[in-house]
Amino acid sequence: MHFQFPIATIGNMAEVEKENELYEYSEEPDIDFLKGDLERCRKNLSYYMDKQEEARDVRRNNWPGKGRHGIKEAPDSFPWQGASDLEPNLINPLIDGDVSLLKSSLTKGNIVAAPVESSDIASSSIVTNFMRWRMSSMDELPREAGVAANYLLEQGVAFLGVYFKREVTRVLKPISLEEIAAISPELATAIADPDMKDGVLEMLQNALPNISKKRIRKIYNELRKDGVSELPTEKTVTNRPAIRAYELGRDLIVDSNILDLQSARAIYCVHFYTPEQVRSKVFTDGWDSDFVDEVIENTTGDYDTYYQGYADGLYVTNQNEAPQHYEGMIRLVTCYRRESDEDKVPVCKVTIFSEAVEGYATSYVMSEDAGRYPFVAITREHISRRLLDSRGYPELLHSYQLAVKSEMDARRDRASLSTCPPIEYMVGRKPESIGAGSKVPVRRRGEVGFLEIPRHSPASMEVEMQIRQIADKLTGRPTGPDDAVEANIIRQSLVNNWLHGFSQVLKKCWALDRAYNSEIWFRVTNNEMGQNIVMDETASEYDFQLSFNTMNNDEEKVMQKLEKVGQVMASFDRQGQARYDIFLRTFLDAIDPNLASQLIMPAQEATTKEIIETSNDIAKISSGQVVNAPQGANAQLRLQVLQQYLQGTEQIPAEDVQSRLQEDEKFRARMETYQKQLTFMIQQQENARIGAMGTAPGNMPATAA
């Protein structure tokens, strides 16, 4: 598996301070400086990492001393051992619901490739269809989008990396002696000659250096004996852009005071590899073999330097969360850093290294995507210009979740007291047993009794419901007719932030396809035969826009709105300005975004279809068949085609057709039947207009000031 990460080439940093010295550009990376800068960024992120761990615990209902069975198990528990310790589950359902909303908006959203220059208008529709197909071809998109959506709502910010994924495998390809003779007659002749065996084997070994000598001898023997053999060859199974969601602090480390990712001095990504994957990088990516041997020998499973909170390869937030084991894995850091070369040209250098080993695996400069980092940051809110100030649901709703838990525990504890309240008895005369049918010996009535418990308050449930309504309102869920509009605006803002981030992802995917794929075959929804896109001809800049209306999730309301729009268009369209073709597409998009492209053909294609079908009908009529005009057809266009057939052209008049109409009564009757049916369709349309207006339509449109 080969992952090639695109990196930016435009930066604004020529030099940085390093221990009162200037860190200047050099083709040889300063690994010690990068390690120190990585540790500095880690320490600066400690505050945000603590917030993230707290948010993770709040969402998962984890707290110190939590019991495993919904009760407090410690002897010193408050108010008593065995008291209620329920999970309130206020925040997690809200996050799960909005994660589904964000994933749905990405799936059902409308994609538009807006051209940057006027010369790109003609190809924008092709690029739009291509990017819609590209999203469907990215198998990891649903998973990574779901992970990113959870990060966004839980932590307030999500990071997505865009890279080019190339997977190559080896397969056995049949090869025959005739094919070899067509390419090299001398080699085929030499294979057939047994006296030249040693020379042929040496020639094949030099031509196929990646194949073992044993396989070379097998190929030679099979070609001499059967004339056919199988040749190991490489086959590309994946060659496309891909995305990955990153978690701040664990997977992606950056300065804590940045305004946006593109202004960061450096971005560090942590990746885990197996020893086999690291070894393969020596051949596929040109990694340093000595470095690879050293990291495999000395760092496999060692993670003491991951970040504060990790120890012995384990990280546990509390007793209820499973530890993370990384035995047998190798952790490497990929640094993306902007610098200026010796000619003061901004570049971005990629360096892959290990924190526990000297040296580095590889270092190179990349220039894809117009010099920008291959990462996109999406924030849930914009309360300041600082990127990491965005808050997630747990930070907003933590106190409300605690209040809900208090109300739930109080009701359960009172139920427990009602079921088995405390017992009063004389000192030294404790009853032997308490329960249904038990016998309690007493000297006089009243010596043994139940302690009076607090009265039940019916307001507890009402308080909990009010708290949950507040949480719903804060997260854009309507609590009644009065705040339905405001709630929709809040959810629409969340969706807009999400789709804006993914529009930047699509732009980076387009840049990668331009850089690594010169020609791509893809299948659009309304063309089963597929289509070729040549990057040399259409590889221009585009602004990709993703849009989705949150109201579209309520199909009933959308249908009511569109039906009302259709009635208004039919009643008040005085000058024929209504675009019923666009209205039809919008109506179908509201039902299913994929139906419009499948069911609605372009206007030119529809016209061509009507002309072809009318010509076929005329041919059937000429052959003696009685043809009926189809319902829903373009009657006016079909009449025009019929008249052109009867009249012919100036160069070739239809004299033969006119002669046949006069001589052949049956042919004339079939033709008149078809023509009358089309005329009747047009008359029916006019009758509908008369019914709507009350009188016959005039020959001039009404004045509309």
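What share of the 705 residues in the protein do buried residues make up? Buried residues account for 40% of them. The legends below refer to a predicted model.

**Figure 1. Overview of the predicted model.** The secondary structure consists of 22 helices and 17 strands. The accessible surface of the protein is about 40,200 Å², and carbon and sulfur atoms hold 51% of that surface. Among contacts with a separation of 6 or more, 71% are between residues 24 or more positions apart. The number of salt bridges comes to 33. Several of these pairs are treated in the views that follow.

**Figure 2. The negative surface patch.** Asp32, Asp288, Asp290, Asp293, Glu294, Glu297 and Glu358 form a negative patch on the surface. Helix H11, residues 289-298, supplies four residues, the largest share of this patch. Asp288 is placed in the loop between helix H10 (275-284) and H11. The relative accessibility of Asp288 is 33%, so this residue counts as partly exposed.

**Figure 3. The positive surface patch.** Positive charge gathers on the surface at Lys197, Lys213, Lys214, Arg217, Lys218 and Arg224. Helix H9, which spans residues 213-225, gives five residues to the patch, the most of any element. One of the patch residues, Arg217, is found in helix H9. Arg217 counts as partly exposed because its relative accessibility is 43%, a value between the limits of 20% for buried and 50% for exposed.

**Figure 4. A salt bridge within helix H1.** The side chains of Arg42 and Glu39 meet in a salt bridge, with an N to O distance of 3.6 Å. Both residues belong to helix H1 (residues 31-44), where they are three residues apart, about one turn of the helix. Arg42 has a relative accessibility of 9% and therefore counts as buried. Glu39 is partly exposed, with a relative accessible area of 31%. The bridge thus pairs a buried arginine with a partly exposed glutamate.

**Figure 5. The salt bridge of Asp285 and Lys281.** A salt bridge joins the side chains of Asp285 and Lys281, at 3.6 Å from N to O. Which of the two partners, Asp285 or Lys281, is buried? Lys281 counts as buried, because its relative accessibility is 3%. Asp285 has a relative accessibility of 23% and so counts as partly exposed.

**Figure 6. A salt bridge between helices H19 and H20.** Glu610 and Arg638 meet through their side chains in a salt bridge of 2.7 Å, N to O. This pair links distant parts of the chain: Glu610 lies in helix H19 (residues 603-622) and Arg638 in helix H20 (residues 635-647), 28 residues apart. Glu610 counts as buried at 14% relative accessibility. Arg638 is also buried, and its relative accessible area is 1%. Elsewhere, Asp37, Arg40, Asp255, Arg265 and Arg337 are joined into one network by salt bridges that share partners.

**Figure 7. Surroundings of Ile71.** Ile71 is located in the loop between helix H2 (46-59) and helix H3 (91-108). Its relative accessible area is 29%, so Ile71 is partly exposed. Which residues are in contact with Ile71, leaving aside its neighbours within four places in sequence? The contacts of Ile71 are Gly82, Ala83, Asp85 and Arg412. Between Ile71 and Gly82, which are eleven residues apart along the chain, the C-alpha atoms are separated by 5.1 Å.

**Figure 8. Glu53 in helix H2.** Glu53 has its place in helix H2. Is Glu53 buried or exposed? Glu53 counts as buried, because its relative accessibility is 9% and the limit for buried is under 20%. The C-alpha atoms of Glu53 and Gln155 are separated by 9.1 Å, while along the chain these residues are 102 residues apart.

Definitions and conventions
Residues are numbered from 1 along each chain as its sequence is written. This is a predicted model: local features need pLDDT of at least 70, side-chain atom pairs count only at pLDDT 80 or more; totals for chains, interfaces and linings use all residues. Side-chain values use heavy atoms; hydrogens and water are left out. Patches are made of residues with over 30% relative accessible area and no salt bridge: like charges are joined within 9 Å, nonpolar side chains (Val, Leu, Ile, Met, Phe, Trp, Tyr) within 5 Å. Accessible areas come from the Shrake-Rupley method with a 1.4 Å probe; for residues, only the protein chains shown count as cover. A salt bridge is a side-chain nitrogen of Lys or Arg within 4 Å of a carboxyl oxygen of Asp or Glu. Lys and Arg count as positive and Asp and Glu as negative; His and the chain ends are not counted. The place of a charge is taken as NZ of Lys, CZ of Arg, CG of Asp or CD of Glu. Helices (H or I, at least four residues) and strands (E, at least two) are DSSP runs, numbered from the N terminus. Buried means under 20% relative accessible area, exposed over 50%, partly exposed in between (1.4 Å probe, protein chains only). Contact means heavy atoms within 4.5 Å.
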